[in-house]
Structures are given as C-alpha cells and as structure tokens.
Amino acid sequence: MARAVTPQRKATVTVLAWVVGLVIFFPILWTVLLSFKTEADAIGTPWHVLASSWTTEAYATVQQRSDYLHHFWNSVILSLGSTVIGLIIGIPSAWAMAFVPGKRTKDVLMWMLSTKMMPATGVLVPIYLIGIKTGLLDTRTGLVIVLTLINLPIIIWMLYTYFKEIPGEILEAARMDGASLWNEIRYVLTPMAIPGIASTLLLNVILSWNEAFWTLRLTTTNAAPLTAFIASYSSPEGLFFAKLSAASTLAIAPILILGWFSQKQLVRGLTFGAVK
Amino acid sequence: MATAQSRRLARWMSMPAIIVLLLWMVVPLAMTLYFSFRRYNLNYPDRQGWAGWNNYYYFLTDPAFAAAFQNTLVLVIGVLIITVVGGILLALLLDQPFWGQGIVRVLVIAPFFVMPTVSALVWKNMFMNPVNGLFAHAAQAVGLQPIDFLGHHPLSSIVGIVAWAWLPFATLILLTALQSLDREQIEASEMDGAGFGARFFYIILPHMTRSITVVILIQTIFLLGIYAEILVTTNGGPGTQSMNLPYLIAVTTTQQDVGGAAAGGVIAIILANIVAIFLMRMIGKNLES
C-alpha cells in the first residue's frame, strides 16, 4: 500500500532533491565544462566561462604533452589484471566455502577480512624494500600483484555472499540425478553464479582504478596509472585549469559510467555483505 | 550432505587464496616488526644494528607525530560527522517519492567514483584557488576578500574535500537501510498521530543504527589511510598543519629511514586494529544469522 502523497509535497521534494543532487554533482559538471574551454577562458569568472566559446584544444594538449594514453593503458592493465587474477584465485575459494562449508569456514572468512584491515602504511616499508630487491618497483607486474592482494579479501567476500544465495536444493537435485561434481559446476552452478561474478568484477575494477596509495608510492613513470599521472598536475605551471580539467575528465569518465551500473553491488561489496 | 571427496576438493580449492593472503599478511608484517627495531637508513646501508626501542622513541617524540596524530583524528572525526549527518539527511530526502529519482540518485553517488587525486586537485584549483577559483570569484562578486582555503585552513579544507568524496557512500548505504524499513510501521505511527520528530527518533533512527555503525567503521578504516588528497593539495603543510599519520610515515620512507618508517607503520597497524576489532565483530555476527 503506497502512502498518499499530495502533488504539492511531491513537487517540493522534487525541487529540493534536484537542487541538492546538482550541488553535489557540480564539481564534476564544472570540471567537464572547463575542459572544453581555452586556458585563458577557464580562469575567468563563471559568467565568462559560460559565455566563452567551446574548444577541444585542452584534450589535444594533454595527449601531446604527457602521453596520456600510456598512463591510461597502465590503468586498464592494472585494474583488469588485478581483478582477473583475483577472480581466478578467489572464485574456487569462495565457491568451496559457500557450498562445502567446514567447521572453520567462518574463521577463515573472518581472517581473510582481517588482512584487509591492515593499513597500507603499516607495510609500506617492506613492500618498498621487496620491490627494490626484486626489481618490481615501478613495474606493472609488481603493482598488479599488490593490487590483487589488497582486493582479494573483498573479491572472496562478495563472491561468497552471492554464492550463498544460490539454493542448495538445486545442487542436491543435480546430484541425485547423478551429475558429477564437474557437471554440477558447469551446468548448474556457473549460469547461476555469473551475475555475482560480474558484479564483483565491476566493483573491483572500480576500486583498483581509483586506488591511490600504492599506485602513487610504488611507481614513477613506467607503471604509473592515471592516479599518478593526475598527481603530476599538483605543482601549478602557468595556466593549466583547462588541461587539468581535460585530464581529469578523461580519467574519471570510464569509471563513472561503470560505477552507475554497479550502484547496488557497491553497497554489498563495500560492507562485506553486512548491508544488502 | 557433502561427500568426503568433495570436502577434500573444497580444501584444495581454498588453498591458493589462503596461501597468498597468508604470505601477504605474515611476510610484510614480520619485516615491519623486524625493521622497527633496526637501525637502518638506505642512505647509509653499512651502518646497521639493533636499535632497541629507539625508532619508536624518535618517532613518538617527534613533534610531527603529535601533530600528525591529532590531525588524523580531526580528519577522521570531521569527515565522519559530515558524512553520517549528511548521509542521514540525504537518505531521508531521496527516500521520498519525487520526479527523477533515478537521475538524482546517480548525481549524488557520482563523487564516490572520482579518483582521490582528481577530486583533490579539482577542489584545490577550480574551487579553492584564492585567485582564480570559483569561491574566490564568488567572494569578489559580493565584495568580500577571497579566502586562501588550503593556505590558511588546510586541514578543514581537506576534511571538506574528503567528505565530498565519502558522502555518497554513507548516503547509499543509509538509503538502502531506509528502504528496507517496514512501510506499514510508519503508516501505523502516522495514524497514531506521531509527528516527524517522533517517527524519526523512535522508528527510523533505531532501524538505521546498524547501518550507521557499519558506515562509521568502514569509513574509519579508509579514512585512517588518507594519503593522496594530502599529497596533491598541501604536502602536509604549511608546516605540519595538515600532516596525518600515513603522510608522516610516507615522508619518513622518502627520507630512506627504514627503521623509523617501520616503527610508524607498527603504530598505524595498532591504531587500525583497534577499529578493526569492532568492525569484525559486527560482520561476524551477521555471518551467523
């Protein structure tokens, strides 16, 4: 039974909600807007910015000057690489714990979660030293390994909560029909598990894409993804608002789009299933 | 239900994840502990030896530590207050029926997907810049002196930037909690003549308590590790005014002081674990139900 809402009330809420939404979104909107202006126009008053003509100059400059594509590819490789490896290690583990739980399954899950609680700064020194010794500092391989490990607990937890929702009766039915474990996995479980795996993949690509401690500390140029590339704009040089806006827009656009698709999974993934 | 064979297989399936996480936890942790008691500076690799508690002593008595510790608390608590209060208000608003719900939701969530270096630099330059920033233009338009946000109020400015990025997270989770509230209970209370205040404090807030706790704990874990935002805005300055613990440890590492940074790392781990214990209990309870 829906509550009766007067049209006036709905109109008031609508106006209020849109104003609040636009205020929160405004910094992103403004950044995108400035990216299509010339450097001289971008530092003007808001009225000047709105009135001035549009150009894609800044985007061309960003690419020419600092090899944007190199960093973009690094971001793609790091986020996809660490997520895929994480899934390869995580799926069998989450699977086993969800469908064949043992006495210690709960303890193992909680312990995995506890590794996520370890602050990055606490282990920065050894990781840095290992990086120097093995020559993995500022390489994509080194960073993929680190990102995989920091996200693995989230991957396993998310998958676990999804797999848990697959009804056990279906498995029993398949078993009674004489399906082997392999066939059970292939024909019964996999189709039901795909949505959960897809959501986990999406959320982890987002988290790795935006990860900004390890990517900043362990890279200089070779493996530097977009987070580090953008950080290079922290020392101002002449007029650079339009360039910074263009670089920022390019860096956040792909993930904003992915993010909007994964709103619901975000809640589950980031709360380790504590809120669904 | 499960056969002995499938149990054995299941154990093998879990092994890779358990082994890599075990290595990831034990090896760096052991190394951090070891180095925290060593005299070891990468600039003077030949001068090595046991340092006893000296690294801890120097790290803890460094005036920068006191400042960093205090700033870390201000940053975490400041952002928590803004995001939790703001999140509750936003969740209440977005839970009402209105036109364009889906689009507004998307607008509100968006900041969460902006990488930290981008959000910090956008706020620093396009908004807080005392000459060309939007706030400066606005101040001039009404005849006020523009404020040098990051120069004069570095920590509050960073709290603001981080709160903007985390508000969507709190909102989204609290909204999810609100939507699972039993509508009939609300209607019944309305029919009994309960005003909005009574409804909020006796029905809505108690229902959201658990989610609020989860938001606070999870955000605390992430907020204790804030680094990129400080790196690209103030570098911890002016002086140590916006230096937090992760930043201080990173600076010590940059100075090649392995022992000192490791001691700082151990302190950071202890702090994070105090929070983690509470969070783990909450999630553990959920696992049983």
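This section describes the domains, two bent helices, a salt bridge and selected residues of a predicted model.

In this predicted model, local features need pLDDT of at least 70 and side-chain atom pairs count only at pLDDT 80 or more, whereas totals for chains, interfaces and linings use all residues. Residues are numbered from 1 along each chain as its sequence is written, chains are lettered from A and ligands numbered from 1 in the order in which they are written, and side-chain values use heavy atoms, with hydrogens and water left out.

Chain A is divided into domain 1, residues 7–58, and domain 2, residues 67–234; such bounds come from an automatic or database domain assignment. The C-alpha centres of domain 1 and domain 2 of chain A are 36 Å apart.

Helices are DSSP runs of H or I with at least four residues, numbered from the N terminus. Helix α1 of chain B covers residues 4–36, and for its 33 residues a span of 48 Å is expected at 1.5 Å a residue. The expected span is 1.5 Å times one less than the number of residues. The end C-alpha atoms of α1(B) lie 46 Å apart, in agreement with that value. A bend of about 35° occurs in α1(B) at B:Met15, and the proline B:Pro16 follows within four residues; the bend at a residue is the angle between axes fitted to the seven residues ending there and the seven starting there. Several residues of α1(B) are buried, among them B:Ser6, B:Ala10, B:Leu21, B:Trp24, B:Pro28 and B:Phe35. Buried means under 20% relative accessible area, exposed over 50%, and partly exposed in between, with a 1.4 Å probe and protein chains only.

In chain A, the 21 residues of α13(A) should span 30 Å, and the end C-alpha atoms are 30 Å apart, which agrees. Helix α13(A) bends by about 35° at A:Ile252, with the proline A:Pro254 following within four residues.

One salt bridge is found over all chains in a search of the whole structure, the criterion being a side-chain nitrogen of Lys or Arg within 4 Å of a carboxyl oxygen of Asp or Glu. A:Lys243 and A:Glu39 form a salt bridge in which the closest N and O atoms are 3.6 Å apart. A:Lys243 belongs to helix α13 (residues 241–261) of chain A and A:Glu39 to helix α2 (residues 39–42) of chain A, so the pair ties together parts that are 204 residues apart in sequence. A:Lys243 is buried at 12% relative accessibility, and A:Glu39 is buried at 16%.

A:Phe213 is placed in the loop between α10 (181–210) and α11 (214–217) of chain A. A:Phe213 is buried, with a relative accessibility of 6%. Apart from neighbours within four places in sequence, A:Phe213 is in contact with A:Ala120, A:Thr121, A:Leu124 and B:Tyr227, where contact means heavy atoms within 4.5 Å. A separation of 23 Å is found between the C-alpha atoms of A:Phe213 and A:Ile257, which are 44 residues apart along the chain.

In chain B, B:Asn71 is part of helix α3 (residues 63–95) and is buried at 8% relative accessible area. The B:Asn71 side chain reaches the backbone oxygen of B:Gln241 at 3.2 Å. With neighbours within four places in sequence set aside, the contacts of B:Asn71 include B:Leu155, B:Thr240 and B:Met243.

Helix α8 (residues 154–179) of chain B contains B:Thr171, and B:Ala170 is also placed in helix α8 of chain B. Relative accessibility is 2% for B:Thr171, which counts as buried, and 0% for B:Ala170, also buried. Leaving aside neighbours within four places in sequence, B:Thr171 is in contact with B:Gly87, B:Leu90, B:Ala91, B:Leu94 and B:Val108. On the same basis, B:Ala170 touches B:Thr83, B:Gly87, B:Val215 and B:Gln219. The C-alpha atoms of B:Ala170 and B:Val251 are separated by 31 Å, with their positions 81 residues apart along the chain.

Most residues other than glycine have a negative phi. B:Asn235, in the loop between α11 (228–233) and α12 (245–254) of chain B, has a positive phi near 55° and is partly exposed at 48% relative accessibility. B:Gln256, in the loop between α12 and α13 (258–288) of chain B, has a positive phi of about 65° and is partly exposed at 23% relative accessibility.

Technical notes: Helix = DSSP H or I, 4+ residues; strand = E, 2+ residues; numbered from the N terminus. Polar contact = N/O pair within 3.5 Å; in protein donor to acceptor, adjacent residues only side chain to side chain.
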